[in-house]
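User: Please examine the structure shown here with me. I should like to go through its packing and its strands by question and answer.

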Amino acid sequence: MKGVKGQSGRDDALHPHRSSIFIKLLAGYLALSIAVTVLATLTSYLLLRRYAVDSTAHELLDKAHVVANLLSQTTDDIDYDSVRSLEALSESQIIYINDMYIARHIPHDSAPVNRPSPDEPGFERTLIADTVDRSMAENILGGATGETDVRYVAMLDCRIVFAGAPVRNADGEITGALLLYRRLDEIRGVAISTVLVLAISLAASVLISMLWAYIMSLRITDPLNRLNRTARHIAQGHYGEVTHLNQDDEIGQLGHTLNDLSRRLGQTIFDLQNEKAKLEQILSGIGEGIVAVDQSGSILHHNAAALELLGLTAWQARAEEEGPRRLTDMLFAAMANGQRAESRWTSPENRCIKAVVWPFTGAGTKIIGAVALLSDVSEAERLEQLRRDYVANVSHELRTPLTGIRGMVEPLMDGVIDTEPEKMECYRIIYQETMRLEKLIGEMLDMSRLQSGRIEIELEPLALPGILEGAVRRLCKQAESCHIALHCEYPENLPPVMGNEDRIMQVLIILMDNALSFTPEGGEIVVFARAEGDHVAVGVHDNGAGISPTDLPYIWERFYKADKSRMRTTGTGLGLSIAKLVCEHMKGTIGVQSEVGKGATFTFTLEIAPDALPEP
């Protein structure tokens, strides 16, 4: 395992612009500092201005009372020199208003330019005409001693902070009103100057904090850059690489976790490589061919057996030979539709190759590839062909008409049937079964054509009750000899069906003969029919030995035989497979329900004749 040198971290620290986290941290600190500075400056200005206005108003109010008392004690009227002295003493401007609402004040640069009164040099005399100003004067002249406000005064043409107090004579009568005021822009100037000093202090604090933020950002991003470099090396395949960090905080814990992950990943990759090697050896040693591809068709695995079965020396996804090309098409089709597929073909070496293909998924449900299993089934095909040839020559169904003939001959030989009409009936049945036997021999020779679908069964409307009764009559003697009750059940209004009489009779005799073979003495066999929707279900039920669950999946296969210990007779194992083929050719289905020890019920379906279907 390798360690990461510290030089990489120092290089990243010298070039912080390479780290987006560094930029984000620095930008965040900067934005926060600026926002705090602006907010503090604005808040300070508003608070200082409010404080300056309130404190000025209270100061002026106190001084207004003092000045009003001084004027009351000195004279009944005021002159220029006394007003100038009082303004200097109170550090404010003074307006005197008499009971005629005439204001006298010393003009200033910011006040309106009015001509001084000739009677009172240095004074300006102004009649208070503005409604708001006149209301303010009325309040003071009315005796209000605590009048303070911030407002616009029309006669001064500016906003002022003022305090007013009444002026009384020696008898205590109000002779005028006294206003002490300061212009609002002067107070704001003081607040702005104070805030400016504060803003400069905050800006210096921002610079210091930015320097500290720069240093802290480097301390955070330097180990992260080193961890990032280690992660990139791991992603490039350098498993087991670690980073040494001398920190105990969350970043240090992250580094320890990444180092542990790297070590575990290195060990896991090593174990997986060993397992892959073992799997490849196992797959190479089996006789079947295996081919696995990913979603793009690139080969993931193939063994020597697959190449040998395909006749290749190396895998070619787009080979011109039929086998590889067909297999490739199957693999892509399985990935496209997500379904298992099976196919067979003959190789140039005249070998029958069977291919089974199925898709496989990743961690979720997405298909990420497909795998194919190749087998040489030439020998199995040869054996299957031998069985088909045997079916063409020797059939289990030859025994069915012979059973009917035997069932009629034995009573005749034993003398059980002694009347001439009964004998003629037996002769007639024997003749029918002989003709049917001859016909069946020809039909069994066409077994392979039936199986391949090259022969069609003509369907016509049929009444089932007669066919059911006829099938029961043919095997009733055999059932009596086995001491088994055999009868049929069907409703009176059973609708006609589409089928072939001989084929229906053939299926019924196969099923009844099969039931006789597995039903003990004293048992019962019922041939039934019932309408179910748009079809009629015809079947044979017995209360015999039943069919084992292990045998159920295979009873329709040719030459398959169940446990002979539970059978009364033996056969070639073709009866049920022939019955299944016949039902399929008559556009029906056949199935079985069975429980060991409780018998079995074989049921096949036939379509109801169109004329018998109810109108929609």
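User: Which residues does I504 touch, leaving aside residues up to four places away in sequence?
Analyst: This is a predicted model, in which local features need pLDDT of at least 70 and side-chain atom pairs count only at pLDDT 80 or more, while totals for chains, interfaces and linings use all residues. Residues are numbered from 1 along each chain as its sequence is written, and side-chain values use heavy atoms, with hydrogens and water left out. Taking contact as heavy atoms within 4.5 Å, I504 touches L462, L464, I467, G499, M586, F604 and L606.

User: Which element gives the most residues to the largest nonpolar core?
Analyst: A nonpolar core is a set of buried Ala, Val, Leu, Ile, Met, Phe, Trp, Tyr and Cys residues joined through side-chain atoms within 4.5 Å, where buried means under 20% relative accessible area (1.4 Å probe, protein chains only). The largest such core has 46 residues, and I504, L508 and M512 are among those with the most contacts inside it. Helices (H or I, at least four residues) and strands (E, at least two) are DSSP runs numbered from the N terminus. With 10 residues, the largest contribution to this core comes from α14.

User: At what angle do α13 and α14 pack?
Analyst: Their contact includes L464, I467 and L468 of α13 and I504, L508 and M512 of α14. Axes are lines fitted to C-alpha atoms, for helices over the stretch in contact, and angles run from 0 to 180 degrees between N-to-C directions. The axes of α13 and α14 lie 10 Å apart, and the packing angle is about 35°.

User: What is the strand order of the open sheet of 5 strands?
Analyst: Two strands pair if DSSP finds at least two bridges between them, and the pairing in this sheet is antiparallel. The edge strands, each pairing on one side only, are β8 (299-302) and β9 (341-346). Within the sheet, β7 (residues 289-294) and β11 (residues 367-376) pair over 6 bridges, with V293 opposite A370. The order is β8-β7-β11-β10-β9.

User: Which helix lies across β7, β9, β10 and β11?
Analyst: The helix in question spans residues 322-337 and runs at about 170° to β9. It is α8.

User: Which residue takes a positive phi in the hairpin of β5 and β6?
Analyst: β5 (residues 158-168) is mostly covered, with 9 of its 11 residues buried. β5 pairs with β6 (residues 174-183) in the antiparallel sense over 9 bridges, and P166 stands opposite A177. There are 5 residues between the strands, and the one with a positive phi, near 85°, is G172.

Methods. Buried < 20%, exposed > 50% of the residue type's maximum accessible area, 1.4 Å probe, protein only.
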